[in-house]
Amino acid sequence: MKVLLIFKDSVAVERMAICYISSALKAAGNDVKLWIMNVNPPEKLHQYMSEYGPDIVGYSSMTGEHIPLVALNRELKEQYDFFSVFGGPHATFVPQFIEEEASVDAVCTGEGDLVFPELCRRMEAGEEYWLTPTFDVRYEGEIHRNLLGDLTPTLELLDDPDRQILYDADPRLGKLGTKYFMAARGCPYKCSYCFNVKYNENYKGKGKVVRCRTPRQVIDEIKWVMERYPLDHVSFLDDLFILKPKEWLVEFSRLFKEEVGLQWSCTVRANTANLGGETTISMLSDSGLSWVWMGVECGDQKVANEILVRDLTNNEITQATQLLHKYNVGTIAQNIIGLPVPNPVETDLKTLDFNIGLRPSMGHSSILYPYPGSPIEAYSREHGYLEGEPEYMETNKRSSMLKFSSQKDQLRLENLHKLFGVLVRFPILRPYTEFLIGLPLTPLYRAIFYLWYGYCFKIKLAKIKKFHKEIPYFTGLFFRMLVKS
Ligand code: B12
Ligand code: SF4
């Protein structure tokens, strides 16, 4: 089968879904090509479609991105004959969008590595492809909803992700000094704003939640990249990197230090960092761990535990931060503002103050987006903060979609989000915060937000050697993000 994969915009981060899907399809004998919307002019896609003539076009999409991708699919369907499949988080959590969109032939409602090649095989063999597990398929005017297949039992089974297809489709991505990897999938925690709660519910009884690749596989993947592309910093996208068994971390640290020898970063949860204790953090630091993403989320402990279901105390977060800093591991404190509470800005200012006290290497905040299927979506609806069918934007870095009692709060929290990192870094500005966030200067603050973000990542934390060469790429991204809705 000839399969054309399409996604919207890499935003400087590897789309691992594309790499895994591509390698699985190729291993099963399919021909696979990739089109990234932001990389090429749209008119070229028509030439590409005519020349390549794909049997299947597969779109990978998060919520928000699905809007331009569905529009593109509609347009392509008018001119070409192919089978269209949507996968990724939007298809997983809102599979019913197939009902509203007649141009969509199938949606993949979970992991695609094993089932997408099976769908292709059945189509090619003339078998009942509309009954393929995990897919909802439109066939002869009817939508067949099939049960989820099992989770891939272990990631060791999967072929190395096909990174080449990504770097060929977007050569500038291949030239960036930071590259992203994934050593494991899954997280058992129940944070109410995270996709994992619903995901684990959907897959209950269908396999292990947390699955790892072996340290050897991960190191070989990194070395494959090092031999072909510039690489200064290795960043892990795992939901919770530090969740791995101690022996996995020991083996990985040894191999990483001996065979890679670069700086790396990953995700931790404050209590897990504590549980790993001094020996783990000191070992990881010695292997090159230079900074971590750590969820702080909300400085109001009651809101953090009752609404965000964090199951952590502020004290644990403080101890974890101190432990990491003691071993020279920097921290990016991740926070969520604009929560469904009666006094959102007051709560957010508590979060700001807690962050100022923590003194992380970078304070970062996101505006709460109650993604479909997440417990916080249900909570927001039940408590009158979310109504109707909200239009999800492609990025949650812009404004809140919750309904607050005061219009002024919308502006204030949008502005606080933009200035959050700068305020954490320069506490001298704290007394002026309420004044600054009340000013109608959001476009300026938005520019400050992205510049600060870029500076912290590229210069302060990741220490990219040839950053000057990346400036044109990030300038383009900066303007794309400014206008993104
Ligand atoms: C890395 C990452 C990013 C990266 C790369 C994006 C990506 N999708 O890969 C970046 C930094 C760009 C990113 C950005 C955002 N992200 Co993000 N991100 C992740 C993260 C941590 C890992 C993604 C990943 O590689 N997963 C591993 C792969 C293998 O799994 P997968 O993507 O689900 O793909 C499997 C299936 O879905 C399916 N599949 C996928 N595509 C296709 C296509 C076809 C045709 C088929 C058949 C199957 C299929 O098969 C794949 C293999 O099994 C996930 C959480 C997670 N663990 O998934 C959040 C996640 C995807 N992100 C999320 C969000 C909300 C965002 C942002 C919108 C947040 C923001 N701050 O604005 C932005 C969007 C930015 C923008 N567009 O401007 C949400 C999405 C929720 C939703 N309903 O869409 C997630 C689920 C986390 C969460 N908060 O719950 N993100
Ligand atoms: S710890 Fe992180 S990955 Fe796990 S459920 Fe909570 S937010 Fe999601």
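**Ligand shell, domains and sheets**

Reader: Which residues come nearest to ligand 1, and what makes a residue near?

Author: Ala17, Gly58, Ser60, Gly87 and Gly112 come nearest of the 40 residues around ligand 1. A residue is near a molecule or strand if its C-beta atom, placed from the backbone, lies within 6 Å of it. This is a predicted model, in which local features need pLDDT of at least 70 and side-chain atom pairs count only at pLDDT 80 or more, while totals for chains, interfaces and linings use all residues. Residues are numbered from 1 along each chain as its sequence is written, and chains are lettered from A and ligands numbered from 1 in the order in which they are written.

Reader: What makes residues of the shell around ligand 1 nonpolar, polar or charged?

Author: Ala, Val, Leu, Ile, Met, Phe, Trp, Tyr, Cys and Pro count as nonpolar, Asp, Glu, Lys and Arg as charged, and the others, Gly among them, as polar. On that basis the shell has 18 nonpolar, twelve polar and ten charged residues.

Reader: Why is ligand 1 said to lie between domain 1 and domain 2?

Author: Domain 1 (2–145) and domain 2 (175–393) both give residues to the shell, so ligand 1 lies between them. The bounds come from an automatic or database domain assignment. The C-alpha centres of the two domains lie 29 Å apart.

Reader: How do you know how many residues of domain 1 are in contact with domain 2?

Author: Contact requires C-beta atoms, placed from the backbone, within 7 Å of each other. Ten residues of domain 1 are in contact with 14 residues of domain 2. The side of domain 1 that touches domain 2 has six nonpolar, three polar and one charged residues.

Reader: Why are strands E2 and E7 called edge strands?

Author: Strands (E, at least two residues) and helices (H or I, at least four) are DSSP runs, numbered from the N terminus. Two strands pair if DSSP finds at least two bridges between them. The open sheet has the order E2-E1-E3-E4-E5-E6-E7, with mixed pairing. E2 (31–36) and E7 (142–145) each have a single partner strand, so one side of each is left without a neighbour in the sheet.

Reader: What makes E6 and E7 a pair?

Author: Four bridges join strand E6 (residues 135–139) to E7, and the two run antiparallel; because at least two bridges are required, they pair. Asp136 stands opposite Arg145 in E7.

Reader: How is helix H17 placed against E14 and E15?

Author: H17 (residues 407–425) lies across both strands and runs at about 170 degrees to E15. Axes are lines fitted to C-alpha atoms, for helices over the stretch in contact, and angles run from 0 to 180 degrees between N-to-C directions.

How values were computed. Contact = placed C-beta atoms within 7 Å.
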